[in-house]
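Visitor: I would like a close look at one part of this protein, please. Could you take me through the annotated sites and then the helices and loops around the chain?

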Amino acid sequence: MKDKVTIHSLKRFKQIGQKICMVTAYDATFAHILDQSGADVLLVGDSLGMVVQGHDSTLPVTMDQMVYHSAAVTRGARRAHVVGDLPFLSYQVSAHEAVRNAGRLVTEGGVGSVKLEGGAEFADVVRAIVRASIPVMGHLGLTPQSVHKMGGYVVQGRDEEQARKILDDALALEAAGAYALVLEGVPLELARTITQSLSIPTIGIGAGRYCDGQVLVCYDLLGMNPDFKPKFVKRYANLHGSITEAAGAFFTEIRQGAFPDEDHSFKASKSIRLVAPAALGAGKALEGEVASPAEGEEKVGPVYGIPV
Ligand code: KIV
């Protein structure tokens with residue numbers, strides 16, 4: 001196994017011009033696959049509120065849910081650095097609460113760092129979390145937790161004034177101790193200027209090619225939802241099609257009686273003759289020889305396909 005990725009590796013990647021590969025994960029099975037595929041960073045994004053829970057925003061996601069999913073992802077990851085999102089209202093109320101909640105993601109969720117949305121107005125919060133020895137990743141531009149303030153999921157930083165504010169926020173987050181920055185939904189020229197202005201890495205989503213790394217929601221890049229095709233998403237697979245086909249074949253075989261066949265069924269260790277109760281006369285005992293548990297024992301291993 002290659003060395004575990006740390007926040008220091010990510011800084012080094014920027015220095016040597018090696019692009020950072022980040023992707024979201026919400027459970028152990030996906031974390032295991034994505035880790036083995038070469039992800040440097042797995043983000044337990046609060047996007048899970050939309051793609052896992054079916055909400056139309058990330059706002060309903062709770063701390064308990066983030067802890068639950070973070071713990072699942074860290075159990076599946078080996079090499080990748082795992083980042084846990086601080087959900088809406090878990091860090092906005094006070095620096096004190098922010099440190100407690102960031103601490104929960106580390107102690108209960110097992111993550112190596114946390115991410116929060118917002119700029120200079122959260123510099124004190126970033127400072128407080130970093131002071132508690134918890135690394136912080138910032139998130140600027142289109143920040144989904146501010147959907148109501150933005151008036152929808154709208155590209156940010158298109159005009160001079162907005163662009164200047166985002167650049168200033170980026171500098172403020174770096175000065176506050178953030179170790180990396182997600183830039184979401186901003187023009188590529190702005191992302192390039194920010195990337196060149198910072199010593200910490202930038203990771204883009206809908207922010208163009210000049211960022212130090214890229215991130216996408218795993219379900220988006222894998223093509224799980226054919227109805228969701230924003231400009232910034234590239235689909236690398238059609239899992240919606242593959243899953244529909246595979247599940248459809250399973251249901252067809254069940255209906256036809258083709259599954260389970262002999263190969264997918266257990267056998268008793270020696271022949272037994274059992275008579276169904278309905279076929280017995282009243283009060284008549286079962287006839288035949290039944291394999292003892294010891295004789296009939298057959299190890300199945302884990303009952304579900306958990307990652308190893
Ligand atoms: O919640 C999330 O998944 C994110 C990424 C898309 C950057 O914040």
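Guide: Happily; here is a walk through the annotated sites, then the helix packing, then some backbone details.

A word on the model: it is predicted, with local features needing pLDDT of at least 70 and side-chain atom pairs counting only at pLDDT 80 or more, while totals for chains, interfaces and linings use all residues. Residues are numbered from 1 along each chain as its sequence is written, and side-chain values use heavy atoms, with hydrogens and water left out.

Let us start with the binding site. In the unreviewed UniProt entry, the annotation "binding site" covers Asp46, Ser47, Asp85 and Lys115. UniProt positions are given in the numbering used here, with feature names shortened, and the annotations may be inferred rather than shown by experiment. These residues are spread over 70 residues of sequence, yet they cluster in space, with a largest C-alpha distance of 12.4 Å.

Asp46 sits in the loop between strand 2 (41-44) and helix 3 (48-51). Helices (H or I, at least four residues) and strands (E, at least two) are DSSP runs, numbered from the N terminus. Asp46 counts as buried because its relative accessibility is 4%; buried means under 20% relative accessible area, exposed over 50%, and partly exposed in between, with a 1.4 Å probe and protein chains only. Not counting residues up to four places away in sequence, Asp46 touches Thr58, Val61, Met66, Asp85, Leu86, Pro87, Glu117 and Gln145. Contact here means heavy atoms within 4.5 Å.

Lys115 belongs to strand 4 (residues 113-115). With a relative accessible area of 1%, Lys115 is buried. Again leaving out residues up to four places away in sequence, the contacts of Lys115 include Leu43, Asp85, Leu86, Met137 and His139. Asp85 and Leu86 therefore turn up in the contacts of Asp46 and also in those of Lys115.The active site comes next. The unreviewed UniProt entry places the annotation "active site" on Glu184, a residue of strand 6 (residues 180-184). Glu184 counts as buried, at 14% relative accessibility. Apart from residues up to four places away in sequence, Glu184 touches His139, Leu140, Gly141, Leu142, Pro144, Ile205 and Gly206. His139 is thus a contact of Glu184 and also one of Lys115.

Now for the helices. Two packed helices are described by the angle between their axes and the distance between the axes. Helix 4 (residues 63-76) packs with helix 5 (residues 95-107) at an angle of about 25°, with the axes 9 Å apart. The two are roughly parallel, since angles under 35 degrees count as roughly parallel, over 145 as roughly antiparallel, 65 to 115 as roughly perpendicular and the rest as oblique. Axes are lines fitted to C-alpha atoms, for helices over the stretch in contact, and angles run from 0 to 180 degrees between N-to-C directions. Helix 4 and helix 5 cross in a right-handed way; a crossing is right-handed if the near helix is turned clockwise from the far one by less than a right angle, and left-handed if anticlockwise. Helix 4 contributes Met63, Asp64, Met66, Val67 and Ser70 to the contact, and helix 5 contributes Asn101, Arg104 and Leu105. By class, this contact has four nonpolar, two polar and two charged residues. Ala, Val, Leu, Ile, Met, Phe, Trp, Tyr, Cys and Pro count as nonpolar, Asp, Glu, Lys and Arg as charged, and the others, Gly among them, as polar. Met66 of helix 4 takes part in this contact, and Met66 is also among the residues that Asp46 touches.

Helix 4 has another partner in helix 2 (residues 28-36): their axes come within 7 Å and cross at roughly 40°. Helix 2 and helix 4 are therefore oblique to each other, and their crossing is right-handed. Ala28, Ala31 and His32 of helix 2 meet Ala72, Val73 and Gly76 of helix 4. The residues of this contact divide into four nonpolar, two polar and no charged.

Finally, some backbone details. Leu89, in the loop between strand 3 (81-85) and helix 5, has a positive phi of about 70° although it is not a glycine. Leu89 is partly exposed, with a relative accessible area of 47%. Glu97 of helix 5 is in contact with Leu89 and Ser90, leaving aside neighbours within four places in sequence. Glu97 counts as partly exposed, at 33% relative accessibility. Ser133 also has a positive phi of about 70° without being a glycine; Ser133 lies in the loop between helix 6 (123-131) and strand 5 (136-141) and is exposed, with a relative accessible area of 66%. The peptide bond from Phe259 to Pro260 is cis, with omega near 0°, and Pro260 lies in the loop between helix 11 (239-256) and helix 12 (293-296).
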